[in-house]
Amino acid sequence: MTNSPAYDLIIKNTRVVRPGKSTVDLLDIGVKDGKIACLSPELSPEDAGQVVDAQNKLAFPGLVDAHMHTGIYNPLAEDARTESRAAAMGGVTSSLNYMRTGQYYMNKGGPYRDFMPEVLEISDGNFYVDYGYHLAPMMNEHIREIPDLVDKFGVTSFKIFMFYGSHGLHGRSSDQSDFLMTPKDEKYDYAHFEFVMRGVKKAMEQHPDKKDVISCSLHCETAEIMTAYTRMVEEDGTLTGLRAYHESRPPHSEGLAIAIASYLAHETDCVNINLLHLTSRKALDSAERMALAFPHINFRKEVTIGHLMLDVDSPCGCHAKVNPPIRPRADVEALWQAVLDRKVDWIVSDHACCKEEMKVDNQQPDKIFLAKSGFGGTEYLLSALISEGSKRGMSYSHMAELVSGNPARRYGLTTKGDIAPGYDADIVLVDPAEGFVVHAENSQSAQGYTPFEGQELSATVKQTYLRGRLIYDNGTIIGDPEGRYLKRPL
Ligand SMILES: [Zn+2]
C-alpha cells in the first residue's frame, strides 16, 4: 500500500471565518498541493500526510494587505525580508506594494519596462509572503506603458499621488521634477492625472477580459490647500505634534481632492476608482456625494488600521506622522461608523518601515514638520481589527471581507481571500481570547518602534499558512522566504 494520502495536511477543529457568510462553522480543512481541497465537519486523520489540531481557533483567510510600501526607506531586498516577516506575523499572506520611480524607493527614474524587471529580480526570493505591485505612472512615457504593464508584468492597479503638486513626501517641496525624477518639461498635475486615467481606461478597453480588475487608485489630498495651511500652521507656531500636522493638511483638502478625482473619473470614463486611506468625516462625506453624483463609477473606499487605532492625542507623537494625517477622535469615530455601515470596502496597514534614525530629526525629535511620513503596522492589522471591531459589534466574516475578500476581488487575486475549495491554502489561525500588549521589541519588523506601543489587543495570530505551508508559528518565522510574485489577474 503506497497510495499517497488524499490530503497533504488536515487542520482539524477550526472555526472557519469566510467573507459573506453569516455563520462561523467548526470544520476540518483538507489541503492538497497548496490548495484548499475540502471543508468538512469531520475529515479522517488517516487521509493526510500531516494532521494539526487547531483546538477551536478561528481560521481566517490569509490577509490581503493591499497597501504596503516595501522598499521605500530601506533597500528593497532588505525591506522585503524583514517586513514580509512582519506581514506573516500579522496573518498577511498577500502583500500588495506601492512602487514608483523617483526619490526614495529605487531612487531612480526611467521607463517601467526597465524598472520593473529590476524590482522583480530584487524581490525574487526575499518575500516570506506572496507579493505584488501597484505602479504609479509619474511621466508621460509611463502612461503609454500602462497596457504593457498589464500584459507583461501583471500589474493591474495604478496610483495617482494627488498631493505631489507642490509637496514632497514629507512637506513643502520646491522642485517637483528633481523629487520625482521626471522630465523638466513635464508636470505632475491635474492634467497628468487625467491622462493617467485615460491610460487606465485604454488598458481596460484593450483587455476586456481583465477590465473588472484593472483600476486606478488615488491618494486624495490637494497640494495647494496643504501648502497654504502648512505655511499658516508653521508661521503661527502654537500647535505642535500630530494636531499641528492634522491642521496643516486639513480634512477639506481630502474632500476637495476626492471631488476632483471623481469628476476626472467621470470625464475619462475610468470606471474603477479606489479612494485610498480616507481619514476624516469630510473625506467620507465627499466620497458619498461623489458616488451619488457618478453612479456609473465603481468606487472603492479604503481605510488604514492606523487611522482607526490612533488619534491626534495618542502618546506616540511624531512616530505616527503619516499622509494623510492621523485625525482627532471625532474623525476616528466617523471612520468606525463608516466601517460598521459597510461604507468602507477594505482595511490596510499602509505599512512603510521607517526606522527611528530616519523617522525623526535627531536634533529636534519633537518637531513634526521635520519628521518623515509613514510607519509599519501590518503585523497588527488583524489583531487590532478583531480587538476594536469586536467591541463595536462587528462579525468575524465582515472583518474577513475587509482584510481579505474585498481587496482580493478588486485587485485580481482570484485564488486569494476566502477559505473554500480551489482557493490557495492561505490560512491564519487566531486565538480571539488571547490578548497581548503591543511592544515593538516583539515585532518581526525592523522598524524598532511602533505608534501602537502599549495598546492592549484582545486577539493573537498564532499560526500563518501560505499555500499550505506553515510560515509563522507562535512568535517564530518558519522556513525560507518562498513568497511568489502575484502576476495579476491570478
Ligand atoms: Zn501608502
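Strands are taken here as DSSP runs of at least two residues in state E, numbered from the N terminus, and in the predicted model examined here Met99 has its place in strand S6. Met99 is buried, because 23 other C-beta atoms lie within 10 Å, where 20 or more suffice for that class. Leaving aside residues up to four places away in sequence, Met99 touches Tyr105, Val119, Tyr133, His134 and Leu135. By contrast with these contacts, the C-alpha atoms of Met99 and Thr82, 17 residues apart along the chain, are separated by 18 Å.

Strand S6 (residues 92–99) runs parallel to strand S5, to which 4 bridges join it, and within this pairing Leu63 of S5 stands opposite Val92. Strand S5 (residues 63–68) is largely enclosed by the rest of the structure, since 6 of its 6 residues are buried. Together with helix H1, strands S5 and S6 form a β-α-β unit that is right-handed. Helix H1 (residues 76–89) also lies across strands S16 (460–466), S17 (469–473) and S18, and runs at about 90° to S17.

Strands S16, S17 and S18 belong to an open sheet of 8 strands with mixed pairing, in the order S3-S2-S1-S4-S13-S16-S17-S18. The edges of this sheet are strand S3 (35–40) and strand S18 (476–477), each of which pairs on one side only. Within the sheet, strand S1 (residues 7–16) and strand S4 (residues 48–61) pair in the parallel sense over 8 bridges, and the bridge partner of Leu9 in S4 is Gln50.

The largest nonpolar core comprises 149 residues, and those with the most contacts inside it are Ala59, Val200, Leu382 and Val403. For Val403, when residues up to four places away in sequence are not counted, the residues touched are Leu63, Val64, Trp346, Ile347, Leu381, Leu382 and Leu385. In soluble globular proteins, nonpolar side chains tend to be buried together.

Helix H8 (residues 251–268) has 18 residues, which at 1.5 Å a residue should span 26 Å, and its end C-alpha atoms are 26 Å apart, so the expected and computed spans agree. The buried residues of H8 include Pro251, Gly255, Leu256, Ile258, Ala261, Leu264 and Ala265. The buried residues of H8 pack against helices H5 (190–206), H6 (223–236), H9 (281–293) and H11 (329–340), and against strands S9 (215–219) and S10 (272–275). Just after H8, Asp269 adopts a positive phi of about 55°.

Note on methods
Residues numbered from 1 in each chain as written. Predicted model: local features only at pLDDT ≥ 70, side-chain atom pairs only at ≥ 80, totals over all residues. Core = buried A, V, L, I, M, F, W, Y, C linked by C-beta atoms within 7 Å. Buried ≥ 20, exposed ≤ 12 C-beta atoms within 10 Å, placed from the backbone. Contact = placed C-beta atoms within 7 Å. Pairing = 2+ DSSP bridges. Axes fitted to C-alpha atoms, helices over the stretch in contact; angles between N-to-C directions. Right-handed = clockwise from strand over helix to strand, strands pointing away. Expected span 1.5 Å × (residues − 1).
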